Amino acid sequence: MRGGAASSDMNVAGMASNRGRNLLNIADRAPGGAEFAVILTNDADAPLLADAAERDIPTEVVERADGESRREHEQRVLDALAEYDFDLVTLDGYMRLLSDTFLDEAPTTLNVHPSLLPSFPGMDAWGDALDYGAKVVGCTVHVVTNAIDADGEIIEEEVDGGPVVTQEPVPVYEGDDEDTLADRVLSEGEFRAYPRAVKWFADDRVTVDDDANRVSIEGDTGGDLPSRLLSSEDRAADLRYGENPHQDAAVYADNTTEEASVVHADQLNEGAKALSYNNYNDADGALNLIKEFDAPAAAVIKHTNPAGCATADSLADAYADALATDPQSAFGGIVALNRECDVATAEQIIDSFKEIVVAPGYTDDALEVLFEKDNLRVLDCDGEFEATEPLTEKRLVGGRLVQERDRQRLTRDDLEVVTEREPTEEQVESMLFAWQTLKHVKSNGILFAKGTETVGIGMGQVSRVDAVRLAAMKADEHAQGKDAEGAVMASDAFFPFPDGVEHAVEAGIEAVIQPGGSKNDDMVIEAADEAGIAMVMTGQRSFRHD
């Protein structure tokens, strides 16, 4: 068995016959701290030589002489490399198959092949894939093993037969030719897979079992947060535009999802305009919020933030309470319901302008009412209303962030009372409702609630005090038929200073739920005691940055 070297002293020897773009990519990225000790070519005119020199990488040229055997040439290659220290050999378009003369003396030698081996081995992988009608190709980084017999002849069935280190799939699109496919396999496949393999060797995570013809990668596991993330979604629709009219956009669908989703929702009024990028984003946020509750629940969302949310004995009452939180901001919003929409709820929805309503079904009478509004998009979300999808992610330039979904659901036992005053059972119920809703408010987030309905919401502020002030203003100026007097306040993170609590008390707040954990917790608790209000701590925060 052979292993890799530690990243602190990982040196690589590269070998190519022409441009060596993979070697240059590895040199520029230095995966795991790996550096090229030397790059060797068997062609004195190879463009790679100048590119390597620009990077201050030593180079060697060992051309094959007329009449020179394969093994004689390989011995001269070994002689040229002898003065360099290296732990790994990487090939890239080295147009000579290597025999045991080289491979037995050199460290582990890797090559990248432009197909998902064992499919399409050989020199014309792209053409073979297109001729076959393959819909997915890719690349394979593998350990190079001997494919030369004792007479120096090629053993065809052994070519590209070494154990696989890693692979990267690449789609084949209608209209692809060999050139476009080759470019995509290089840029989307080889430029990802080869540095990954080198990094694994540099991190000493690779074990090559020659006898079993197998490579094992320490820590290359699955689970909720796998070491590699492969994603495949189908384009479901082109959108009119993205967040702004100058941006093109599309929506892609994961057809394995069983959880209720706006991507897979049926739009029941087909004559209405299609959903926009922002519509999808807001509707997804609204749907995720009302999945939090078992009781009949309704929410109105604007710009991914709730303008109001409530639960009640009936869906119509829940919607009325949610809307009353901030009917001004709810104008043009997205409505989400966690029960079949009945006619009483539908009649309230159309009383003011809404963009979309999302629900797990509608009565015939409700649809008749909703269809009175030509451009109110009516989405029927079938599927699980439990949060079954385990991860959330956000694309970044050059990558993506992936995290476990925030599925925390607090109970009375999770709350630590830290003030002299104990919260009432009604306040505890309101705190727990507020906490579940606050998970869906952009941080810094503050939420005022009474019973199981929102009163005022302060979202997305860079100052927690400003978020408290905003929630108080919303409760005093925008809410209809309710105010902050006697309400509870939820904060998605700790209060760094007492001023946030002091402003809340001025607004009429009588109980607070917050994570705690500030070095000034004692001062914050003291301010609550001086005001005679109750405070509980959860020990965990509920940030939502996106």
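A salt bridge here is a side-chain nitrogen of Lys or Arg within 4 Å of a carboxyl oxygen of Asp or Glu. By this rule the count comes to 23 salt bridges. The views below come from a predicted model, in which local features need pLDDT of at least 70 and side-chain atom pairs count only at pLDDT 80 or more, while totals for chains, interfaces and linings use all residues. Residues are numbered from 1 along each chain as its sequence is written, and side-chain values use heavy atoms, with hydrogens and water left out.

**View 1. Asp100 and Arg71 meet in a salt bridge.** The N to O distance for Asp100 and Arg71 is 3.0 Å. Asp100 belongs to helix α4 (residues 100-103) and Arg71 to helix α3 (residues 70-81), so their contact ties together parts that are 29 residues apart in sequence. Helices (H or I, at least four residues) and strands (E, at least two) are DSSP runs, numbered from the N terminus. Asp100 is partly exposed at 26% relative accessibility, and Arg71 is partly exposed too, at 25%. For this and the later views, buried means under 20% relative accessible area, exposed over 50%, and partly exposed in between (1.4 Å probe, protein chains only).

**View 2. Lys291 and Glu259 form a salt bridge.** The closest N and O atoms of Lys291 and Glu259 are 2.7 Å apart. Lys291 sits in the loop between α7 (277-290) and β14 (297-302), and Glu259 in the loop between β12 (250-253) and β13 (266-267), so the pair ties together parts that are 32 residues apart in sequence. Have a look at the cover on each partner: Lys291 counts as buried at 8% relative accessibility, and Glu259 counts as buried at 4%.

**View 3. Arg400 pairs with Glu393, and a salt-bridge network is shown alongside.** The side chains of Arg400 and Glu393 meet with 2.7 Å from N to O. Arg400 is partly exposed, with a relative accessible area of 29%, and Glu393 is partly exposed, with 47%. Elsewhere, salt bridges that share partners join Glu168, Arg192 and Arg196 into one network.

**View 4. Seven acidic residues make up a negative surface patch: Asp124, Asp128, Asp131, Asp177, Glu178, Asp179 and Asp183.** Two elements, α5 (125-132) and α6 (178-202), give two or more residues to the negative patch. The largest share, 3 residues, comes from α6. Asp128 is placed in helix α5 and is partly exposed, with a relative accessible area of 31%. Patches are made of residues with over 30% relative accessible area and no salt bridge, with like charges joined within 9 Å and nonpolar side chains (Val, Leu, Ile, Met, Phe, Trp, Tyr) within 5 Å.

**View 5. Phe120 and Tyr132 form an edge-to-face aromatic pair.** The structure holds 3 aromatic pairs. In this one, the ring centres of Phe120 and Tyr132 are 5.7 Å apart and the planes stand at 65°. Phe120 lies in the loop between β6 (109-113) and α5, and Tyr132 in helix α5, 12 residues apart. Phe120 counts as buried at 18% relative accessibility, whereas Tyr132 counts as exposed at 66%. Rings of Phe, Tyr and Trp (its six-membered ring) pair if their centres lie within 6.5 Å; planes under 30 degrees apart count as stacked, over 60 as edge-to-face and the rest as tilted.

**View 6. Ala472 lies in helix α13 (residues 464-478).** Ala472 counts as buried, at 11% relative accessibility. The C-alpha atoms of Ala472 and Leu447 are separated by 9.2 Å, and the two residues are 25 residues apart along the chain.

Note on methods. Accessible areas come from the Shrake-Rupley method with a 1.4 Å probe; for residues, only the protein chains shown count as cover. Lys and Arg count as positive and Asp and Glu as negative; His and the chain ends are not counted. The place of a charge is taken as NZ of Lys, CZ of Arg, CG of Asp or CD of Glu.
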